[in-house]
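Got a few labels you'd like to see justified? Let's go through them one at a time.

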Amino acid sequence: MQAWQVHENGEPSEAMRLDDVAQPVPGEGQVLLKVRAANINFPDVLMCRGHYQVRPPLPFTPGVEICGETEDGRRVIANPALPYGGFAEYAVADAAALLPAPDSLDDAEAAALHIGYQTGWFGLHRRAHLEAGETLLVHAAAGGVGSAAVQLGKAAGATVIGVVGGAEKAAVARELGCDVVVDRRSEDVVAAVKEATGGRGADVVYDPVGGEAYTQSTKVVAFEGRIVIVGFASGNIPSPGLNHALVKNYAILGLHWGLYNTKNPKLVQHCHEQLTELAARGAIRPLVSERVPLAGAADAAQRLGDGVTTGRVVVVPSLGKGAAV
């Protein structure tokens, strides 16, 4: 079969190589899955670079989120068991962690429903306890993680402010349903958010970016607000000023969604049921901006790492060779 492999760490466009390899053999408690679609996530980029908290042995195949097909024909959502990731024709996953792919979503959309939406649901509901009528601020609102949070925030009845970088991404954020869109490249984020909220600020801030975005968050979070930290796409991990959190009465909440798979897997199943219901009634739908063939995975992962994509870019092996569609 064909699979992308990382033989040495580096940028995806340089580190990933498309090889002909043996089909993986499942271990105990695992299943072999035919990859129908593999969503590209920022952790895939970080693993290529050797900067992720999980460092699979070299060589490995990236791809941490797929829609796959079991040997008996069931369509499922899975997190492949590395080193046999999803940027391949076949992957391996733990049988106990398989989730049914919603009938309301196609393969690419189903592949993109899992990590970003689970992270958003746990961040907004489990950690921040977002309530209807509150104001939610989402950084990188047009990206894969941010777009999921926007949709989940709107589904929860919140007023959503989306921060983006550039006019194209601003248009995407509006289409997603953001009530207010702030272009950080042409606007003062802090001033714009304060104006939009009448000076009160945002009740919940969803931050997958870190760096300057986190600093902005501390300036616009409301009294008794909550800042949810879900990642550091900027590459800059901030050092919170706890004296500032004390003076302004806000909470800083960390979220590592992967821990729930071992600490409380029943909550992951419950969350998937909630997401499936929301998808069935059209309240959420993964924003798949591109579907690329397997041969285009390295280039697509590089563009994600460079921050020039919107929504989700999904690898669909059945597209075969050719241009993205």
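What follows is a short round of questions on a predicted model.

Q: What makes strand S8 count as mostly covered?
A: Buried means under 20% relative accessible area, and 5 of the 5 residues in S8 (residues 135-139) are buried.

Q: Which residues of S8 point one way, and which the other way?
A: Thr135, Leu137 and His139 go one way, while Leu136 and Val138 go the other. That's the pattern you'd look for, because side chains in a regular strand alternate between the two faces of the sheet. Residues on both sides of S8 are buried here.

Q: How do you know that S8 pairs with S9?
A: Pairing takes at least two bridges, and 5 bridges join S8 to S9 (residues 159-164), so the two strands pair. They run parallel, with Thr135 opposite Thr159 in S9.

Q: What links S8 and S9 into a β-α-β unit?
A: Helix H5 (residues 144-155) does, and the unit is right-handed.

Q: Why is S11 called a partner of S8 as well?
A: The cut-off is at least two bridges; S8 and S11 (residues 202-207) share 3, so they pair, in the parallel sense. Leu137 has Val205 as its bridge partner in S11.

Q: What makes up the contact between H7 and H8?
A: Contact means heavy atoms within 4.5 Å. On the H7 side you have Val189, Val190, Val193 and Lys194, meeting Gln216, Lys219 and Val220 in H8. By class that's 4 nonpolar, 1 polar and 2 charged residues. The helices pack at about 35°, axes 10 Å apart, in a right-handed crossing.

Terms used: Residues numbered from 1 in each chain as written. Predicted model: local features only at pLDDT ≥ 70, side-chain atom pairs only at ≥ 80, totals over all residues. Heavy atoms only, no water. Buried < 20%, exposed > 50% of the residue type's maximum accessible area, 1.4 Å probe, protein only. Helix = DSSP H or I, 4+ residues; strand = E, 2+ residues; numbered from the N terminus. Right-handed = clockwise from strand over helix to strand, strands pointing away. Axes fitted to C-alpha atoms, helices over the stretch in contact; angles between N-to-C directions. Left-handed = near helix turned anticlockwise from the far one by under 90°. Nonpolar A, V, L, I, M, F, W, Y, C, P; charged D, E, K, R; others polar.
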